[in-house]
Amino acid sequence: MSFDTTNLLDPPRPSYTFSIYNRALFEKSKFKDYDSLLESKLARSEARANHFATILENGNTIGANGTLARPHGTHESKRDKGKFPKTTRVHLVEGEYVATFTIGSEETKSFLLIDTGSDLVWWQCKPCRPNKCYSQKNPIYDSTKSRTYRQLDCIVETSSCQVASKVYQCTEFGNQCLYDYKYVEGSITKGWIAEDVITFYLDLGRVRILFGCGIDQTSGTQFNGEYSGIAGIGRRVLKGGYSLPSQLEADIMAMCLPGTYSTKASTISFHTTPFKKTTSAGLLPNFRFPNFYFVNLYKIFINDKEIPFFPSLSRNFGNYDMTGGCIVDTGTIMSRFPRDFHTVFRDTFRKEVRGIPMMEVPLGAFDTCYIEEPGVVPTFPVVKMYFGHQSPDNLLLLQQLRVVVHIRGLFCLAFLPWDQNVAIIGNHQLQGVGLTFDTGTDTLSFDLDAC
């Protein structure tokens, strides 16, 4: 399978609006078929889920950049001379969607992975350390050629260098705010925090943002050359935070997630939303995990059969450790439920399926798969998710290919179990749905089939 992403048409967008694509569009040429591509995506999602589990099991407070603190053995100075900080946090695996950005006075076009589970926005940056930038398809952003580039002076602008997170250090030599960012699968980016403009073609609007100028990306697992970096779009925090919502001071972030097979651009926008807000969940604060998007999941039905909640899914904010609940995460593919809940959910689903032969053996992580019959379009039970209370205004209705996934000639239930007391709603269930994250009103709205 092949597709030349260098010729992608990027429609002109107004300020605070970017084009986004499914990551599969950029990686399909590496695989012989979509089944192989999907299996690769599922493996990446499994790594992300495992890292989520590590964070949740430790129960440690994590900062605005959504990372898990690791123990320190030695004291580290905030103003170490010129050395990159020793990585003390490991970040979630990169996202499943790609956004188009134009940075600097040279207006260098870049594709960045976007990730709701992380905070930092970074680009590969010339001049790199010798042999430390990976080869990428699009031109590498060259900070020396941009007239609008400025390196952050962390002595003068102390509050803009988040040294408390241990990922960043302020150096006396050069007043650089150095960072060392490591992802769970082993890839690393190192550099300094700088500032430059991103440009929007439709109205020629420009916005200055702080970003990681990455000069060493080859000390760990190799990044994919299709992308110039990663844009963290974790939940807005009011003080600090490098995520786009935080930097743009945007209470509203709206996106529509294109499906795995889509070759068309969708959008992610800030401050305004083009999507209807008729169906909404409540966004819940969680001081231990401020970067994640928790929602007030209330009840789940399969057709008209209610699935009883177990204590594992009960959200009680009177509990000091703030465990339980439900996270919406665009980087997780298949939604996950606590194992006890999933068992009842799966068994109820099986009972509600009519006239479709079921496989006796599981397919990888999928334990409920049905055989595809040529010329027959099967109909599967619907999944109803209510948020806050049981009302049409709080109902996310999932049908057909949001409930099952088609792989290897089978239709498999697209919900997986795990050994955590938190549910995750993943992007397979949200593909084609217009999502409006509004931290001003603490709501997440769903507009079905918006893209």
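Two strands count as paired here if DSSP finds at least two bridges between them. The model shown in these views is predicted.

**View 1. Four strands make an open antiparallel sheet.**
The strand order is β19-β18-β23-β24. Strands β19 (305-307) and β24 (395-398) sit at the edges, and each pairs on one side only. Between neighbouring strands of this sheet the turn is 25° on average, direction ignored. Strand β18 spans residues 297-302 and runs antiparallel to β19. Three bridges join β18 to β19. To locate the register, find I300: its bridge partner in β19 is I307.

**View 2. Three strands make an open sheet with antiparallel pairing.**
Read across, the order is β22-β26-β25. The edges are β22 (369-371) and β25 (404-407). Each of these two has a single partner strand, so one side of each is left without a neighbour in the sheet. From one strand to the next, the twist averages 25°.

**View 3. Strand β26 pairs with β22.**
Strand β26 covers residues 410-413 and runs antiparallel to β22. The two are joined by three bridges. Which residue of β26 is the bridge partner of I371? The partner is L410.

**View 4. Strands β25 and β26 form a hairpin.**
Two residues lie between the strands. One feature of the turn is R408, with a positive phi of about 50°. Four bridges join β25 to β26, and the two run antiparallel. V404 has L413 of β26 as its bridge partner.

**View 5. Helix α4 lies across the three-stranded sheet.**
The helix spans residues 339-352. It lies across β22, β25 and β26. Relative to β26, helix α4 runs at about 140°.

**View 6. R48 of helix α2 meets D115 through its side chain.**
Helix α2 covers residues 34-58, and R48 lies within it. Is R48 buried or exposed? Its relative accessibility is 1%, and buried means under 20%. R48 therefore counts as buried. A polar contact of 2.6 Å joins the side chains of R48 and D115.

**View 7. The largest pocket holds about 240 Å³ of space.**
Its lining consists of 17 residues. Closest to the pocket centre are T260, Y261, V405, H428 and Q431. Elements α2, β25 and α5 (427-430) each give two or more residues to the lining. Which element gives the largest share of that lining? Strand β25 does, with three residues. This strand is also an edge strand of the sheet in View 2.

**View 8. The largest cavity holds about 120 Å³ of space.**
How many cavities of 30 Å³ or more does the structure hold? There are six. The largest cavity is lined by 14 residues. D10, T17, T100, T199 and F200 lie nearest its centre. Strands β1 (17-22), β4 (97-103) and β11 (188-199) are the elements that give two or more residues to this lining.

Key: Residues numbered from 1 in each chain as written. Predicted model: local features only at pLDDT ≥ 70, side-chain atom pairs only at ≥ 80, totals over all residues. Heavy atoms only, no water. Buried < 20%, exposed > 50% of the residue type's maximum accessible area, 1.4 Å probe, protein only. Polar contact = N/O pair within 3.5 Å; in protein donor to acceptor, adjacent residues only side chain to side chain. Axes fitted to C-alpha atoms, helices over the stretch in contact; angles between N-to-C directions. Contact = heavy atoms within 4.5 Å. 1 Å grid on protein atoms, 1.4 Å probe; cavity = no way out; pocket = protein on both sides within 12 Å on 5 of 7 lines; lining within 4 Å. Points joined across faces, edges and corners; volume = space filled by probe spheres on them.
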